[in-house]
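Hi everyone, thanks for making time for this one. Could you bring up the sequence and the structure, so that we can walk through them together?

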Amino acid sequence: MSAQIRLITIADFTEETFNLPSSLNDERFNTSIDNAQNINLKPLIGEKMFSDFLLNVSDPKYIALLNGDTYADSDGDMIIFPGLRFALVNWTMSHYYPFAQQTVTSHSVVRKLDPRSEPIEGKEISRAVSSFLATGAAYWNDAKKYITTKKTDFPLYCFHASDKRTGPLIINSIGGND
């Protein structure tokens, strides 16, 4: 099996989307990008469009879908579409964030600590993940309007694909009585 084609990279995490430290060098981050694409995006656009998107990512219609565009809606009003990239960034963070403090060793899963850091509590992580998922869903709604308006450009879009919430289970509490 070949490596996953990624629609976004760590370079897409900027002040405009979600600013990450430039020193972040964590292969788990790429796994989170893959999860966002496969778990969150693919069920929304359908397998055929998802595959076409990955195989033809340099096609101008997919560049506009990913990076944003200005288009006329059904009333002729000009709409500024920010791009699907914003949904993917947020969905990626929803996958990465809960595990960013953890390291798998040969003996167990441990939490990274140093004298100047304090681990984030489970409730805070849960709220952040819920926020990332909600923000990603809002950007997806913009993308869906764009795809629907430009349906002749996206004939592979599965208009009957599941629009139910996809992705990880939202956890309301982790641990004891936090």
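Let me begin with a yardstick: the expected span of a helix is 1.5 Å times one less than its number of residues. Helices here are DSSP runs of H or I with at least four residues, strands are runs of E with at least two, and both are numbered from the N terminus. Before I use any of that, please keep in mind that this is a predicted model, where local features need pLDDT of at least 70 and side-chain atom pairs count only at pLDDT 80 or more, while totals for chains, interfaces and linings use all residues. Residues are numbered from 1 along each chain as its sequence is written, and side-chain values use heavy atoms, with hydrogens and water left out.

Now the overview. The chain has five helices and four strands, and along the sequence they run α-α-α-β-β-α-β-β-α. Of its 178 residues, 33% are buried; by that I mean under 20% relative accessible area, with exposed meaning over 50% and partly exposed in between, using a 1.4 Å probe and protein chains only. Contact means heavy atoms within 4.5 Å. Among contacts with a separation of 6 or more, 68% join residues 24 or more positions apart.

Let's turn to helix 1. It has 19 residues and spans 26 Å from its first C-alpha to its last, close to the 27 Å expected. Its buried residues include Phe-29, Ile-33, Asp-34, Leu-41 and Ile-45. What do the buried residues of helix 1 pack against? They pack against helix 2 (47-55), helix 4 (85-96) and helix 5 (122-149). Right after helix 1 comes Gly-46, with a positive phi near 90°.

On to charges. Side chains of opposite charge can pair when their charged atoms come close. I call it a salt bridge when a side-chain nitrogen of Lys or Arg is within 4 Å of a carboxyl oxygen of Asp or Glu, and the count comes to three.

One of them brings us back to helix 1: Arg-6 and Asp-34 meet at 2.8 Å, N to O. Arg-6 sits in the segment before helix 1 and Asp-34 in helix 1, so this pair ties together parts 28 residues apart in sequence. Arg-6 is partly exposed at 30%, whereas Asp-34 is buried at 14%.

Another bridge joins Arg-85 and Glu-16, with the closest N and O atoms 3.6 Å apart. Arg-85 lies in helix 4 and Glu-16 in the segment before helix 1, so here the parts tied together are 69 residues apart in sequence. Arg-85 is buried at 11%, and Glu-16 is exposed at 53%.

Arg-85 has a second acidic residue to consider, Asp-12, which also lies in the segment before helix 1. Asp-12 is buried but has no salt bridge, and Arg-85 is its nearest side chain of opposite charge, 4.0 Å away. Beyond four places in sequence, Asp-12 contacts Thr-17, Arg-85 and Val-89.

That leaves Asp-153 and Lys-150, bridged with their closest N and O atoms 3.7 Å apart. Asp-153 is partly exposed at 30%, and Lys-150 is partly exposed at 22%.

Which residues does Lys-61, in helix 3 (60-67), touch beyond four places in sequence? They are Asp-52, Asp-153, Phe-154 and Pro-155. The C-alpha atoms of Lys-61 and Asp-153 are 6.9 Å apart, with their positions 92 residues apart along the chain. Lys-61 itself is partly exposed, at 22%.

That's my tour, and I'm happy to take questions.

Note on methods
Lys, Arg positive; Asp, Glu negative; His and termini not counted.
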